[in-house]
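Reader: I would like a careful, close look at a single part of this model, set against a little background on the rest. Please take it step by step, so that I can follow each point in the coordinates.

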Amino acid sequence: MIPDLKKFAYRKMKPYPGAKLVVRMARYGCTNRPFYQIVVTWNRYPRDRKIKEQLGFYDRLPNLTGEQVLGLNLDRIRHHFKHGTEFTRPVLQLLGIVGYFPIHPYTLVEAKRITRRREELEQKLKEKYLEEKEEETDKIVQDESDQSGEEVKSESVDIDHSPSTDNQTKTVKSDVTNLEEALSESITIAKKASVLKI
Amino acid sequence: MSCNLSKAAFLQTFRKLSCVHSQLLLLRGVHVSQFKPPVVPTDIDPFPLFMEEGVQTILNDITGIDLKKTALLQPKKLPLKPVLRAVPDKELKRLQADSFKKERSKIEQRPPFMRARKEISRELARNPEIAPVMTNNLLFIDTSAFTRSERANKDKVVVVRDTEGTLRTATQEERDRAIQIAFPVRGRTIFPSSFFKPENLHNALQRCRYSYVLDKVCVQYDPDHPEFLRITKEIYDYILERMEFDALRGTRHFGSMAFYLSLCHREYELVLDMLERKLIVDVMDYIRLHRKIHSQEGSKGSLSKPLGYDKKNFEKLMGLYMKRITGNRKKQAEKMVESLLEAGLPEIIKENLSQRELIDSYLKLETNVY
């Protein structure tokens, strides 16, 4: 008796030799407005065309309520996973974020990268701020030394130098308090302006 | 006059109004501050009561079927050409039976009276190490219901991953939005339109478009949504104030309104209205329903059997009912009953019963379509 293998026949039918099924994201949408369909295709086919089955969608840009929306047909994903289709890294990352799979190690790598970038940004801004403050203090010192220099010629030396030293100490103390405030402002501005996920 | 209708609009609404009480209110144009809005009791669970067979049949009988009104109420963009046909009597009966059955099936889709739904959201996992990656919340919905045969909205999985990295089941609002994105219902918008804002609602109600507004509300919200309850309560209170129950009679909202009124102990106005229009069989059914809802057994108690609709039982029921009413209302009700008795109760009852039998006969006729 010939066994009834028709139900496995669809799996054997390959459009080209060495074809593998793959679950990946196909980018639709418009310019500067991506929208991804999560899709089962053969691995050598063009990214958006000749789809075998659509499993879901992913909208990367936040909507009116500030959410990114993802929809997946978990039954069919389970079916394809059972039958050994390849899942690309972004799809696996999404599934991990959602909780259906364990969290992908690459998301942790990304998280570390982002925190590192944030810290670097903060450091840069700190340095810049300190430099600016130094310049300002240098300027003040120069101005006052010019003024005191003029006055020295007219009056005695001791009286004129004391106010300048007091001002210097005051500026150093206020530096420390103002640094944090000014830094936080500039950091937020930099975050908003940056293209990276910071 | 303090109402903001133009002259033509005023005349239009005046003609549409079904009872003298509301006409007087419109003429006066004064906001009636004596009206106390009804309060829904919290100890009775209304949904299982509503869904009982006996209750549903009573509500069906009370609404009746009014084909003219539904033909007027249909919102059609283009007027259809009238189709004229010459048809033998049997065929005519069958066609009428088809329309009756269609109407009855529409009326049976009445929005149930339920309590507001509860907020369900619980944490599933905590992963703060992912937090830097999540710039926005990720709203996830499982669309596997497309491949399964049937799945109620409550079973659908909607899950949110926060910006802090916590995975939690979504709040009810997020669920509604996600389900509408993945499984859209025709006519429903994801963000509620300005139609349901109080000013615009009031505008529509002033022009007596009660069932139109109620249909839209039913499309937009589920019956246990708190917004649905608020808006329907507003509309029912508006109708109660003006005693305009006839506007909903024949539509699918009459039953839920009658149920709501008897729950809040405000069924008196409806009973009066029915007595005025000489619908005595309806009165008897409605009083039976009222007694059932407020019996101490609640949903476990069974509906009293429909005794024959005749003068004796009517007087009995009215006597039982009037024990609860006091003062001015009692005098009013007694006057009504006396006038009816003088006018000839048995004939009126016969008329009502014959109407009901007509409807039943049409519904029982075998047709090909329904």
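Reader: What percentage of the 198 residues in chain A do buried residues make up? With that as background, please turn to chain B and look closely at the surroundings of Gln220(B), continuing to the aromatic rings and the cavity of the model.

Author: This is a predicted model, and in its chain A buried residues make up 28% of the 198 residues. The secondary structure of that chain consists of five helices and five strands, which follow one another along the sequence as α-β-β-β-β-α-β-α-α-α. Of the contacts in chain A with a separation of 6 or more, 39% are between residues that stand 24 or more positions apart.

Turning to chain B, Gln220(B) belongs to helix H9, which covers residues 210–220. Gln220(B) counts as buried because its relative accessible area is 9%, and the cut-off for that class is under 20%. Leaving aside residues up to four places away in sequence, Gln220(B) touches Gly187(B), Arg188(B), Thr189(B), Pro192(B) and Phe196(B). For Thr189(B) there is a further detail, since a polar atom of the Gln220(B) side chain lies 2.9 Å from the backbone oxygen of Thr189(B). On another scale, a distance of 42 Å separates the C-alpha atoms of Gln220(B) and Ala86(B), which are 134 residues apart along the chain.

One of the residues touched by Gln220(B) is Phe196(B), and this leads to the aromatic rings, of which a search of the whole structure finds 16 pairs over all chains. In one of them the ring centres of Phe195(B) and Phe196(B) are 5.2 Å apart and the planes stand at 85 degrees, so the pair is edge-to-face. Phe196(B) is itself buried, with a relative accessible area of 7%. Phe195(B) also pairs edge-to-face with Tyr212(B), at 6.3 Å centre to centre and with 85 degrees between the planes. That pair links distant parts of the chain, with Phe195(B) in the loop between helix H7 (172–182) and helix H8 (198–206) and Tyr212(B), 17 residues apart from it, in helix H9 of chain B. Tyr212(B) is classed as partly exposed because its relative accessible area is 29%, a value that falls between the limits of 20% and 50%.

A cluster of linked ring pairs is formed by Phe50(B), Phe113(B), Tyr236(B), Phe259(B) and Tyr260(B). Two of these names, Phe113(B) and Tyr236(B), return in the lining of the largest cavity, which also includes Pro111(B), Pro112(B), Met114(B), Pro223(B), Phe228(B), Leu229(B), Thr232(B) and Ser256(B). The structure holds one cavity of 30 Å³ or more, and the space in the largest cavity comes to about 60 Å³. Helix H10 of chain B, residues 226–242, supplies the largest share of that lining, namely four residues. By class, the lining has eight nonpolar residues, two polar ones and no charged ones.

For contrast with the buried Gln220(B), consider Lys106(B), which lies in helix H6 (residues 89–108) of chain B. Lys106(B) is partly exposed, with a relative accessible area of 33%, and, when residues up to four places away in sequence are not counted, it touches Gln74(B) and Arg252(B). The C-alpha atoms of Lys106(B) and Val87(B), 19 residues apart along the chain, are separated by 26 Å.

Definitions and conventions:
Residues numbered from 1 in each chain as written. Chains lettered and ligands numbered in written order. Predicted model: local features only at pLDDT ≥ 70, side-chain atom pairs only at ≥ 80, totals over all residues. Heavy atoms only, no water. Helix = DSSP H or I, 4+ residues; strand = E, 2+ residues; numbered from the N terminus. Buried < 20%, exposed > 50% of the residue type's maximum accessible area, 1.4 Å probe, protein only. Contact = heavy atoms within 4.5 Å. Polar contact = N/O pair within 3.5 Å; in protein donor to acceptor, adjacent residues only side chain to side chain. 1 Å grid on protein atoms, 1.4 Å probe; cavity = no way out; pocket = protein on both sides within 12 Å on 5 of 7 lines; lining within 4 Å. Points joined across faces, edges and corners; volume = space filled by probe spheres on them. Nonpolar A, V, L, I, M, F, W, Y, C, P; charged D, E, K, R; others polar. Phe/Tyr/Trp six-rings, centres within 6.5 Å; stacked < 30°, edge-to-face > 60°.
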